[in-house]
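Open the model in your viewer and keep the sequence panel visible. The stops below go from a single residue out to the sheet beside it.

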Amino acid sequence: MAAGINPVETYIRSGQYPNLPDLPAILGTEVSGIVEEVGQGVKHFKVGDKVFGKPILGKGGYSQ
């Protein structure tokens, strides 16, 4: 539903960060959304819950 823009990501996008990622790179270290469905055995989340987190490896939040 949303992705935060971390200050480091703005430096990466402008080429001003000392450790630039290999291209193609999908940035995005902060994400949020609403649970649309849960799998069998899921006990801590339900449909409609608002959630936020950090993607695995700290990147990819700008993707769909």
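Contact here means heavy atoms within 4.5 Å. The model is predicted.

**Stop 1: D49.** Select D49, in the loop between β2 and β3. Which residues is D49 in contact with, leaving aside its neighbours within four places in sequence? They are G33, I34, V35 and H44. Is D49 buried or exposed? D49 has a relative accessible area of 18%, and buried means under 20%, so D49 counts as buried.

**Stop 2: K46.** Add K46 to the selection and show backbone atoms. The K46 backbone nitrogen is 2.8 Å from a polar atom of the D49 side chain.

**Stop 3: β2 and β3.** Now select residues 30–34, which make up strand β2. How many bridges join β2 to β3? There are 4, and the two strands run antiparallel. For one pair, pick I34, whose bridge partner in β3 is K50. I34 is also among the residues in contact with D49.

**Stop 4: the whole sheet.** Strands of a sheet pair through backbone hydrogen bonds, either parallel or antiparallel. This sheet is open and has 3 strands in the order β1-β2-β3, with antiparallel pairing. Its edge strands are β1 at 2–4 and β3 at 50–53, each paired on one side only. From one strand to the next, the twist averages 20°.

**Stop 5: the annotated span.** Select residues 2–57, where an unreviewed UniProt entry places the feature "domain: Alcohol dehydrogenase-like N-terminal". The end C-alpha atoms of this span lie 18 Å apart. Helix makes up 12% of the span and strand 21%.

Key
Residues are numbered from 1 along each chain as its sequence is written. This is a predicted model: local features need pLDDT of at least 70, side-chain atom pairs count only at pLDDT 80 or more; totals for chains, interfaces and linings use all residues. Side-chain values use heavy atoms; hydrogens and water are left out. Two strands pair if DSSP finds at least two bridges between them. Axes are lines fitted to C-alpha atoms, for helices over the stretch in contact, and angles run from 0 to 180 degrees between N-to-C directions. UniProt positions are given in the numbering used here, feature names are shortened, and annotations may be inferred rather than shown by experiment. Buried means under 20% relative accessible area, exposed over 50%, partly exposed in between (1.4 Å probe, protein chains only). A polar contact is a pair of N or O atoms within 3.5 Å; within protein, one must be able to donate a hydrogen and the other to accept it, and residues adjacent in sequence count only if both atoms are side-chain atoms.
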